[in-house]
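User: Could you take a close look at one part of this model for me? I would like to hear about one helix, its packing partner and the cavity it helps to line.

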Amino acid sequence: MENTSARNKIQVSQVTADLLSTSGLSAWIAPRKNKIFVKGKGEMQTYWLKTKVEEGLEPLKSKRGIEYVAETLTNSSITSSVGKANEIGDIEAMTKTERLVEWNVEVLIPLLQQIIASRGGTAATKDQSLSRKEATIGTGETVLEEFVPIIPLKRFDAKELRKRQNASSIDIGEKAKSQLRNYLVNVASMYQDNPFHNFEHASHVTASVKKLLTRIVNVDAGHGLKTSNEEVDLVDMAGHSYGITSDPLTQFSVVFSAIIHDMDHPGVPNAQLVKENTRSAQIFKKSVAEQNSVELAWSMLMGKEYKALRACIYQTEDDLRRFRQLVVNTVMATDIVDKELQALRKSRWETAFADKPTNQNCGVSSDDCKATIVIEHLIQASDVSHTIQHWHIYKSWNQKFFMECYGAFKAGRAESDPSLNWYKGELGFFDFYVIPLAKKLDSCGVFGVSSHESLHYAQNNRDEWAREGEHLVQEYLAKYEEMNKYQ
């Protein structure tokens with residue numbers, strides 16, 4: 001690439017350009033006018049990486065600059081705006097977990113600013129009655145018992161939305177920022193060192209959730225969010241996103257859920273936990289890992305050391321209850337194996353998004369019904385986002401998941417050798433889950449171009465796996481044996 005580059009320019013390949021585009025950084029690249037010739041590969045399309053202020057972009061040396069792009073290239077799907085480390089040398093000295101924590105901090109702070117703006121710009125200390133409610137909420141028998149089919153969202157009238165303060169001008173306070181960072185450090189520490197279900201996976205899911213939330217569009221007027229900084233008419237958008245775009249607490253809750261959804265995941269499925277009769281399985285019976293994650297994350301958040309952070313998230317009992325309900329429902333949506341939950345989701349989808357939808361069985365408003373369904377499908381798509389992104393990303397995460405499942409088998413925590421059916425299993429997963437899910441994202445009509453991209457990548461990855469999958473499984477096995485030959 002250096003031989004065909006130009007003075008003071010950075011040239012990147014098609015694969016790198018695709019990774020940047022997948023991570024929402026397409027504005028940083030420009031296609032080279034003429035293709036280059038690469039020995040052994042022939043003609044190739046390459047791209048220039050923009051390195052100065054062009055078309056309203058920030059300089060690459062800014063906080064969301066060169067390290068932001070570099071982290072994208074390093075982790076394929078996770079970008080780093082790293083608030084506390086503005087020099088590249090500082091970032092290199094940080095561990096991957098520290099970088100991911102800082103990235104998540106930078107994702108959540110703007111959402112907290114928007115929450116505060118939505119209630120008039122105050123993050124005052126909560127009253128004593130709310131503290132009592134905090135001590136009792138979520139203390140029922142199990143998390144799953146709190147699951148509700150439809151979540152009533154908060155509605156904002158047009159006048160209120162137009163008067164909403166500019167969120168970027170709000171300072172959540174150093175105490176809240178410090179508590180947020182400390183909370184995420186503790187969340188990261190409670191993720192087990194699994195090949196797949198780890199804090200990096202949680203951050204990858206969070207990146208996908210953030211991307212989909214910022215791509216919600218007004219299907220009538222054609223408005224859309226190309227980046228997280230782009231202004232959007234919330235008055236126009238609210239009706240067509242079923243209230244999701246106008247309520248920052250809903251958005252925060254979904255992103256928060258993505259971050260915590262696999263805390264303490266043991267690296268084996270729920271059925272294995274039930275079979276082993278683990279302590280968590282004895283308590284929760286079903287959706288074991290998901291309920292355990294909610295329980296751990298919530299218990300920690302309610303600690304006295306996070307009082308200022310909680311004051312940013314909610315100020316009333318209604319908002320506290322809604323935050324809790326959104327977290328419960330969103331995390332429970334990541335259990336795609338439970339048959340009862342599957343049947344409920346299918347029934348609601350057919351009721352709300354059929355060719356001739358009705359309000360039957362929706363319970364509350366049609367918008368609340370649709371919003372709940374959209375949130376569930378958003379987190380489900382994000383949880384398997386590696387399957388609906390570039391082949392390079394899919395292959396990397398698929399290998400990690402294989403290593404986790406095969407490692408469980410070798411450790412005696414799985415009955416059958418996953419390598420024997422991994423190739424066919426992935427084809428079935430694409431045909432019966434991933435591609436239908438991508439089609440639903442498209443048909444619900446709120447995600448704009450992202451839903452088309454997701455379906456395109458899902459179909460392409462399925463075809464590529466059909467061609468290369470059997471060979472890749474053998475590569476995975478060889479790599480596993482190489483990594484564990486001295487153990």
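Analyst: Happy to! This is a predicted model, and a good place to begin is the lining of the largest cavity, where α20 gives the largest share, 4 residues. Helix α20 covers 449–483, and both α8 and α20 supply at least two residues of that lining. The cavity itself has a volume of about 110 Å³. It is lined by 11 residues, and those closest to its centre are S208, K211, I388, Q389 and S454. Sorted by class, the lining holds 6 polar, 3 nonpolar and 2 charged residues.

Now to α8 and its packing partner. Helix α8 spans residues 199–213 and packs against α17, residues 366–383, with the two axes 8 Å apart and at an angle of about 135°. That angle is why α8 counts as oblique to α17. The crossing of these two helices is right-handed. On the α8 side, the contact is made by H201, V205, S208, V209, L212 and L213, which meet L378, I379, S382 and D383 of α17. By class, this contact brings together 6 nonpolar, 3 polar and 1 charged residues.

S208 ties the two parts of this picture together: this residue of α8 takes part in the contact with α17, and S208 is also among the residues closest to the centre of the largest cavity.

For context, the whole structure has 4 cavities of 30 Å³ or more. The second largest has a volume of about 80 Å³, and its lining of 10 residues has I115, S118, K154, D319 and R322 closest to the centre. Two or more residues of that lining come from each of α4 (96–118), α10 (248–260) and α15 (317–332). By class, that lining has 5 charged, 4 nonpolar and 1 polar residues.

Technical notes:
Residues numbered from 1 in each chain as written. Predicted model: local features only at pLDDT ≥ 70, side-chain atom pairs only at ≥ 80, totals over all residues. Heavy atoms only, no water. Axes fitted to C-alpha atoms, helices over the stretch in contact; angles between N-to-C directions. Parallel < 35°, antiparallel > 145°, perpendicular 65-115°, else oblique. Left-handed = near helix turned anticlockwise from the far one by under 90°. Contact = heavy atoms within 4.5 Å. Nonpolar A, V, L, I, M, F, W, Y, C, P; charged D, E, K, R; others polar. 1 Å grid on protein atoms, 1.4 Å probe; cavity = no way out; pocket = protein on both sides within 12 Å on 5 of 7 lines; lining within 4 Å. Points joined across faces, edges and corners; volume = space filled by probe spheres on them.
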